[in-house]
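Open your viewer and keep the selection panel within reach. We will go from stop to stop, and at each one I will say what to select and what is there.

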Amino acid sequence: MHALTAEQYARLRQLAEAWTHAHLRDAKASPTFNPRLAADALCFQRHTDPELGEQLVGALVTPVSLWLAMVPAADSAEMPEAGSRHWLALPSGEYPLETVALGESAWCRRLVLLDDLSDVASRPAASRLAQQLMERVMADGSPGDGSA
């Protein structure tokens, strides 16, 4: 596995910052808002999609939800139409991702896996949750098949 570049890490940081700028105010009104968490792009790794080419796949943790997220590995990719769908094939199965805009210049494809993180005790706990998610989706077998 190849390490991400400094530019790719910067793009992922910008993705989390874009979520914060676009959604934090509204998220605070949610009954599931967790003030102990912040938007953070975690556990991203390179993935070659047969249709889209080189992508970065990982978890976006927010104060209200946990996403399986995918962004192009290169910054030059143009945003597809918001709401458009793409099936992401990973070792554990196929996942339907939806294109979402996060502000004027940031976007990703995402699948909301958990929509209530109110009981997550801390940012390190959210990081562990993201790591467990990525271990499961990148492993052979279904995420819910009981093999861990």
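How many disulfides does the count come to? Keep that in mind while you load the coordinates, which belong to a predicted model.

**Stop 1: the cysteines.** Select Cys 43 and Cys 108 and show their sulfur atoms. The closest cysteine sulfur to that of Cys 43 is the one in Cys 108, 15 Å away, which is too far for a bond. A disulfide needs two cysteine sulfur atoms within 2.5 Å, so the count comes to zero disulfides. The surroundings of these residues can be checked too: Cys 43 is partly exposed, at 31% relative accessibility, whereas Cys 108 is buried, with a relative accessible area of 0%.

**Stop 2: the whole fold.** Now switch to a cartoon view. You should find two helices and six strands, and from the N terminus on they follow the order α-β-β-β-β-β-β-α. Along the principal axes, the C-alpha atoms fill a box of roughly 40 × 40 × 30 Å. The radius of gyration is 15 Å, which agrees with the value near 15 Å for a compact globule of 148 residues. Colour by accessibility next: buried residues make up 42% of the 148 residues.

**Stop 3: strand E6 and its partners.** Select residues 106–114, which form strand E6. Then add strand E5, residues 93–102, which pairs with E6 in the antiparallel sense over five bridges. Look for Val 100, which stands opposite Cys 108 in E6; that is the buried cysteine from the opening stop. E5 and E6 form a hairpin with three residues between them. In that turn, click on Gly 103 and check its backbone: phi is positive, about 95°.

Next, add strand E3, residues 66–72. E3 and E6 run antiparallel and are joined by five bridges. Leu 66 is found opposite Leu 114 in E6.

**Stop 4: the largest pocket.** Where does the largest share of the lining of the largest pocket come from? Select helix H1, residues 6–27, because H1 supplies four residues, the largest share. Strands E3 and E6 each supply at least two residues as well. The pocket has a volume of about 230 Å³.

To show its lining, select Arg 11, Leu 12, Gln 14, Leu 15, Val 71, Pro 72, Ala 74, Asp 75, Ala 77, Ser 105, Ala 106 and Trp 107. Colour these by residue class to see eight nonpolar, two polar and two charged residues.

Note on methods
Residues are numbered from 1 along each chain as its sequence is written. This is a predicted model: local features need pLDDT of at least 70, side-chain atom pairs count only at pLDDT 80 or more; totals for chains, interfaces and linings use all residues. Side-chain values use heavy atoms; hydrogens and water are left out. On a 1 Å grid over the protein atoms alone, a cavity is a set of points where a 1.4 Å probe fits but cannot get out, and a pocket is an open set with protein on both sides within 12 Å along at least five of seven lines; lining residues have an atom within 4 Å of a point. Grid points are joined across faces, edges and corners, and a volume is the space filled by probe spheres set on the points. Ala, Val, Leu, Ile, Met, Phe, Trp, Tyr, Cys and Pro count as nonpolar, Asp, Glu, Lys and Arg as charged, and the others, Gly among them, as polar. Buried means under 20% relative accessible area, exposed over 50%, partly exposed in between (1.4 Å probe, protein chains only). Two strands pair if DSSP finds at least two bridges between them. The radius of gyration is taken over C-alpha atoms; the globule rule is 2.2 Å times the number of residues to the power 0.38.
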